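Trainee: I have the sequence and the coordinates open. Can we go through them question by question?

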Amino acid sequence: MTQFIDECLREWKRLAVADAVANEMAAELEADLRDAEADGLSPEEVLGDGVFDARSFAVAWASERGVIPSSAAPAQRGYRTLVAAITAALAIVTLFLGIAVLTGRHTTQITIASASRLRPAIVVPRLVTPGTHSSLPRFFFAPARGKLLFPSKPIPAGIVRSGVDLQPVGWILVVLGLAGIAGSILIWRGFPLRRRYTTA
Amino acid sequence: MATSNRRRSQLLRGVLDLCLLSVVEDEPAYGYEMTKRLRARGLSIVGEGSIYPLLGRLEREGLVETHRAASNGGPPRKYYRASEAGRRALAAGISEWRTARDAVDEVLGLTATEVAA
């Protein structure tokens, strides 16, 4: 139950409840829960359904008691809404980016109509003859014996693809986007996680 | 069952403040002691809202007075007791409750007669 009380104290601090008042409420709660435990009662029998949500319980108590400074509550709400809105916007952009990556083309594609069109304008052949190591270029004639080598092979007609596979990146972006949307909802709602606290 | 629980919860929420004022009308009590008194009178708050926010409101509205006093061997406790304004609010609340209850009884009684007929 210490965890429940600690969460209440954190919430009261966040709401700018005076320390003395927060400590008084925490001490009251702690003593009551200790008595209940000694009597064999569960925290739920003392706290009702408030036992499932320490933060909401703390907010309700402080609010009803009128110990939250008037400026604190709206400011906190406004700040939380702003953070949630920014998170949601970023998450939606991330999600759409992910979907775009997943549904779009991942590679650059060049179609080559014919090999000759893309061959370099001047091809400088190299003459290699048996017994000589000359590498001087010879233009416009071919030797009787020897082999005329082109510096590179002609580019064949067809399709050239380049680039990396972006699908994993797309999935990561989608997951991040969905997580961001869920996170923004939690931020906006103030993480009211329904949790059962045990007497410990 | 869920509908039944929800209705009971809503009914109780509307009069729980009167019940609290009633159990501290004559003798002061701290929070848990009030829970015990409610249980002794047949009212369990399991599944209902906690009494603490309600006590906070009663305190803020001046319907209960508080003081700290030592409990039986334990640490000092915060005791609640109905103030003069609280007693008046309790009397008025009891009157409103009876009026509402009688009206509902009347309607439900008519409904029962119609069904029987």
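**The chain contact and what lies behind it**

Trainee: How many residues does the contact take from chain A and from chain B?
Mentor: Keep in mind that this is a predicted model. Each chain has its own count. The contact takes 18 residues from chain A and 22 residues from chain B.

Trainee: Which helices of chain A each supply at least two residues of the side that touches chain B?
Mentor: Look for helices that give two residues or more to that side of chain A. They are H2 (19-38), H3 (43-47) and H4.

Trainee: By class, what does the side of chain A that touches chain B have?
Mentor: Sort that side into nonpolar, polar and charged. Polar residues number three. The others are seven nonpolar and eight charged residues.

Trainee: What is the secondary structure of chain A, in helices and strands?
Mentor: Read along the sequence, the pattern is α-α-α-α-α-β-α-β-β-β-α. The count comes to seven helices and four strands.

Trainee: What percentage of the residues in chain A is buried?
Mentor: Buried means 20 or more other C-beta atoms within 10 Å. Chain A has 200 residues. The buried share is 18%.

Trainee: Which residues touch the most other members of the largest nonpolar core?
Mentor: This core has 40 residues. Both chains appear in the answer: Ala58(A), Ala62(A), Leu20(B) and Val24(B).

Trainee: Which helix gives the most to this core?
Mentor: The helix in question gives six residues. It spans residues 54-65 of chain A. It is H4.

Trainee: What does Ala62(A) touch, not counting residues up to four places away in sequence?
Mentor: Leave out the sequence neighbours, up to four places away. What remains is Trp12(A), Leu15(A), Val17(A), Val67(A) and Ile68(A).

Trainee: Is Asn23(A) buried, partly exposed or exposed?
Mentor: Asn23(A) lies in helix H2 of chain A. Exposed needs 12 or fewer C-beta atoms within 10 Å, and buried needs 20 or more. Asn23(A) has 13, so this residue is partly exposed.

Trainee: What separates the C-alpha atoms of Asn23(A) and Trp12(A)?
Mentor: Along the chain they are eleven residues apart. In space, the separation is 9.4 Å.

Trainee: Which value is phi of Ala16(A) near?
Mentor: Ala16(A) lies in the loop between H1 (2-14) and H2 of chain A. With 16 C-beta neighbours inside 10 Å, Ala16(A) is partly exposed. Its phi is positive, though the residue is not glycine: near 65°.

Trainee: How many residues of H3(B) are buried?
Mentor: H3 of chain B covers residues 51-60 and is mostly covered. Leu54(B), Leu58(B) and Glu59(B) are among the buried ones. Of its ten residues, the buried ones number eight.

Trainee: At what angle do H2(B) and H3(B) pack?
Mentor: H2 of chain B runs over residues 31-40. Its axis and that of H3(B) are 11 Å apart. The angle is about 110°.

Trainee: Why is H2(B) roughly perpendicular to H3(B) rather than oblique?
Mentor: Roughly perpendicular spans 65 to 115 degrees. The packing angle of about 110° falls there, so H2(B) and H3(B) are roughly perpendicular.

Trainee: Which residues make the contact?
Mentor: By class, the contact has four nonpolar, two polar and no charged residues. H2(B) brings Gly31(B), Met34(B) and Thr35(B). H3(B) brings Ile51(B), Tyr52(B) and Leu55(B).

Technical notes:
Residues are numbered from 1 along each chain as its sequence is written. Chains are lettered from A and ligands numbered from 1 in the order in which they are written. This is a predicted model: local features need pLDDT of at least 70, side-chain atom pairs count only at pLDDT 80 or more; totals for chains, interfaces and linings use all residues. A nonpolar core is a set of buried Ala, Val, Leu, Ile, Met, Phe, Trp, Tyr and Cys residues joined through C-beta atoms within 7 Å. Two residues are in contact if their C-beta atoms, placed from the backbone, lie within 7 Å. Ala, Val, Leu, Ile, Met, Phe, Trp, Tyr, Cys and Pro count as nonpolar, Asp, Glu, Lys and Arg as charged, and the others, Gly among them, as polar. Axes are lines fitted to C-alpha atoms, for helices over the stretch in contact, and angles run from 0 to 180 degrees between N-to-C directions. Angles under 35 degrees count as roughly parallel, over 145 as roughly antiparallel, 65 to 115 as roughly perpendicular and the rest as oblique.
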